[in-house]
Amino acid sequence: MDKYIYLSMHTPFFPQLRPRLAALGRRVHRLRQQSLAHLEQLFAPWLPPELLSQTEEGPNSRERVYNVRRTFFGFLYQVLKPSCPCREIVRQVQALFCLHDQRQVDENTSAYCQARDRLPLDRLQRLRMAVAAAGEKMTELWHDLRPKVIDGTTLSLPDTAKNQRAYPQSSSQKPGCGFPLMKLLGVFSLASGVLLDYAKGNKHQSELRLLKGLLEHFKPQDLAVADRGFCTYVLLALLLLRGVPSLFRLHHSRPSDLRKGQRLGKNDRLFTWPKPNQRPRWLPQSWWQKIPAKLTVRLIRFKLASPGYRTESVTLVTTLLDAHKYPAQDIAQLYARRWKIELWFRDIKTSMGMEVLRCHSPRMLHKELEMFFIAYNLIRCLIIQAGALNHVAPDRMSFKGTVDSVRQFSLAISQARSKRKQKQLIVELLEVIARDQLPDRPGRLEPRAVKRRPKPYERLNRARHLMKEIPHRNHYRKSS
C-alpha cells in the first residue's frame with residue numbers, strides 16, 4: 001500500500017527563508033494598497049473604504065497596477081492640481097514602484113486612461129454624496145432648518161464630435177469655431193458650502209427643468225433659497241407639497257405693492273396668489289393636477305446698503321408664514337448670504353480649473369465632474385474641521401490656500417516614519433489652513449478687465465480644416 005506524505009502549503013521547505021518570504025509578502029501587500037501622495041491619510045474619514053475596493057467580478061476584479069484605489073487618488077490629484085496631465089500621474093506610479101524595487105511600469109498613459117474609464121460612475125456618485133453628508137453633519141441649523149442654495153452655471157467642453165452631439169455649442173458660433181456648452185444646476189448647503197447634488201443638461205434645457213429632477217432630494221426640514229429666476233408659483237407649490245419651505249427673491253413681473261395684503265409688520269405682508277392658467281412645458285400633467293388653486297405667500301422688503309452706492313430695495317417671497325418664529329430681519333440676513341454660492345462656483349471653476357473640462361467624451365466628462373465635486377467637498381470638509389478645531393469661521397479661510405496646503409502637506413505625510421508623525425502633520429495642516437485667512441475688505445469692487453494683452457494671433461473664425469488650406473497666416477481674412 002502506497003504511503004502519502006502531506007505538506008502544508010503555507011510552510012516553506014526551508015524554514016530559514018520564512019521571515020524573508022513573510023517580509024516580502026507584507027511589502028507587496030503594502031505596495032498594492034498604497035496610493036499616490038497619501039491623500040487617503042487626510043480624506044479617509046470621509047471616504048467609505050468599501051467604495052474604493054476591488055470588486056469580486058467584473059472589470060475591476062483583477063489586481064492591476066492601476067487598481068480602483070490608486071486610479072481614484074490619481075484622478076483626485078489631477079483635479080486638485082489644475083492642468084495636471086495624465087503623464088504626471090503615470091510618472092508618480094513609476095516612482096512608487098521603483099521605490100519598492102518592483103517591476104517596471106509602462107511609461108505610456110494608455111493604461112491609466114483605461115483605468116479611469118473603468119471607474120464606475122455610480123461609485124463616484126456615492127462617494128460624492130457620502131462626503132457631502134459628512135460635511136453637512138458638522139454644521140449648525142438655522143431656526144431648525146437646513147438652508148439649501150440653488151443656482152446654475154455653464155461649463156465649456158472640448159470640441160469633439162461626441163461632445164457636440166450631447167452638448168451642442170451656441171447657435172451664435174460658426175461650426176468648427178465654438179465649443180460645446182454644458183448647463184449645470186447645483187444645490188449647496190448654505191451652512192457648510194458643500195455641494196449636495198447637481199443636475200446637468202444642454203443649452204436647450206432650462207434651469208427649472210433641471211431642478212425638477214432634484215426635488216426628490218429636498219426633505220421637510222430643508223429650506224430652498226434661490227434668486228428671482230426660480231420665483232414661480234409652480235416651484236413654490238411643489239416644494240410646499242413636499243413640506244419644504246422656500247425663500248426666493250420676488251420676480252420683477254410679480255406685483256409688489258406692500259400697501260395691500262395682511263400686515264405682519266413693517267414691510268412684511270401676507271398675500272394669496274392664484275394658480276396660473278397655463279401649465280409650464282417642463283411640468284408633467286400629473287404634477288400640474290396636484291398644484292393647489294391658491295397659495296399663501298409672505299412678502300418681505302428690506303434695503304441693501306453698500307458704502308458709496310445707492311441703496312437697493314430687495315423684495316423677498318417665502319412660504320415661512322410665522323412672523324414670530326421667523327422674523328423678517330433674520331430672513332433678510334439669511335438671503336443676503338445667498339451670494340456665497342457665486343463664490344463657491346468660483347472656487348470650483350476658477351480655483352480648481354473646472355471652467356473648461358478636458359475629457360473628450362460625455363461618458364468621461366460625467367466622471368470628471370464627479371471627481372471635481374468630490375475634491376471640492378473634501379476640501380470643504382477640511383476647512384470645516386480646521387475651523388472647528390481652531391475656532392475660526394469657515395468663510396474666513398482661503399479655499400485656494402487650502403488646496404495648495406493639501407498638495408504640499410500630502411507629500412510630507414507620505415514620508416512620515418510613523419503614524420504618530422502622520423497625525424502630527426495632519427494637525428499642523430489644519431492649523432495652517434486656519435491661519436490662512438482672507439483679508440476683510442468690505443465693499444471691495446474690482447473691474448472685470450484683463451491687463452495683460454493676448455498674443456497677436458489670428459482668430460479661428462472658420463473651421464480648422466479651412467484655415468489649414470490657406471498657405472500663410474498673413475493671407476487670413478476675417479470672415480463677415
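**Close-ups of a predicted model**

**View 1. A hairpin built from strands E6 and E7.** Gly-265 faces Asp-268 of E7 across the hairpin. This view, like the others here, comes from a predicted model. Strand E6 covers residues 262-265 and strand E7 covers residues 268-274; the two run antiparallel and pair over three bridges. Just two residues sit between the strands, and Asn-267 has a positive phi near 55°.

**View 2. Phe-188 and Phe-345 meet edge-to-face.** The whole structure holds eight aromatic pairs. In the one shown here, the ring centres of Phe-188 and Phe-345 are 5.2 Å apart, with 80° between the planes, which makes the pair edge-to-face. What does this pair tie together? Phe-188 belongs to strand E2 (residues 181-189) and Phe-345 to helix H12 (residues 340-351), so the contact links parts that are 157 residues apart in sequence. Are these two rings buried or exposed? Phe-188 is buried, at 0% relative accessible area, and Phe-345 also counts as buried, at 6%. Zoom out a little and the pair turns out to have company: Phe-188 and Phe-345 form one aromatic cluster with Trp-344, Tyr-376 and Phe-399.

**View 3. Arg-128, a buried arginine in helix H6.** You'll find Arg-128 in H6, which spans residues 121-137. Its relative accessibility is 4%, so Arg-128 counts as buried, the cut-off being under 20%. What does Arg-128 touch, once residues up to four places away in sequence are set aside? One run of contacts is Leu-196, Asp-197 and Tyr-198. The others are Glu-370, Phe-373, Ile-374 and Asn-377.

**View 4. Two lysines over aromatic rings.** Which ring does the charged end of Lys-148 sit over? That would be the ring of Phe-218, with the charged end 5.5 Å from the ring centre. For the other lysine in this view, look to Trp-287: Lys-212 lies over its face, at 5.5 Å from the ring centre.

**View 5. Gln-385 on helix H13.** Gln-385 is part of H13, the helix running over residues 362-390. With a relative accessible area of 28%, Gln-385 is partly exposed, because that value falls between the 20% and 50% cut-offs. Setting aside neighbours within four places in sequence, Gln-385 makes contact with Trp-46 and Leu-430. Also worth a look is Gly-135: its C-alpha atom is 9.0 Å from that of Gln-385, though the two residues are 250 apart along the chain.

How values were computed: Residues numbered from 1 in each chain as written. Predicted model: local features only at pLDDT ≥ 70, side-chain atom pairs only at ≥ 80, totals over all residues. Heavy atoms only, no water. Helix = DSSP H or I, 4+ residues; strand = E, 2+ residues; numbered from the N terminus. Buried < 20%, exposed > 50% of the residue type's maximum accessible area, 1.4 Å probe, protein only. Contact = heavy atoms within 4.5 Å. Phe/Tyr/Trp six-rings, centres within 6.5 Å; stacked < 30°, edge-to-face > 60°. Lys NZ or Arg CZ within 6 Å of the ring centre and 35° of its normal. Pairing = 2+ DSSP bridges.
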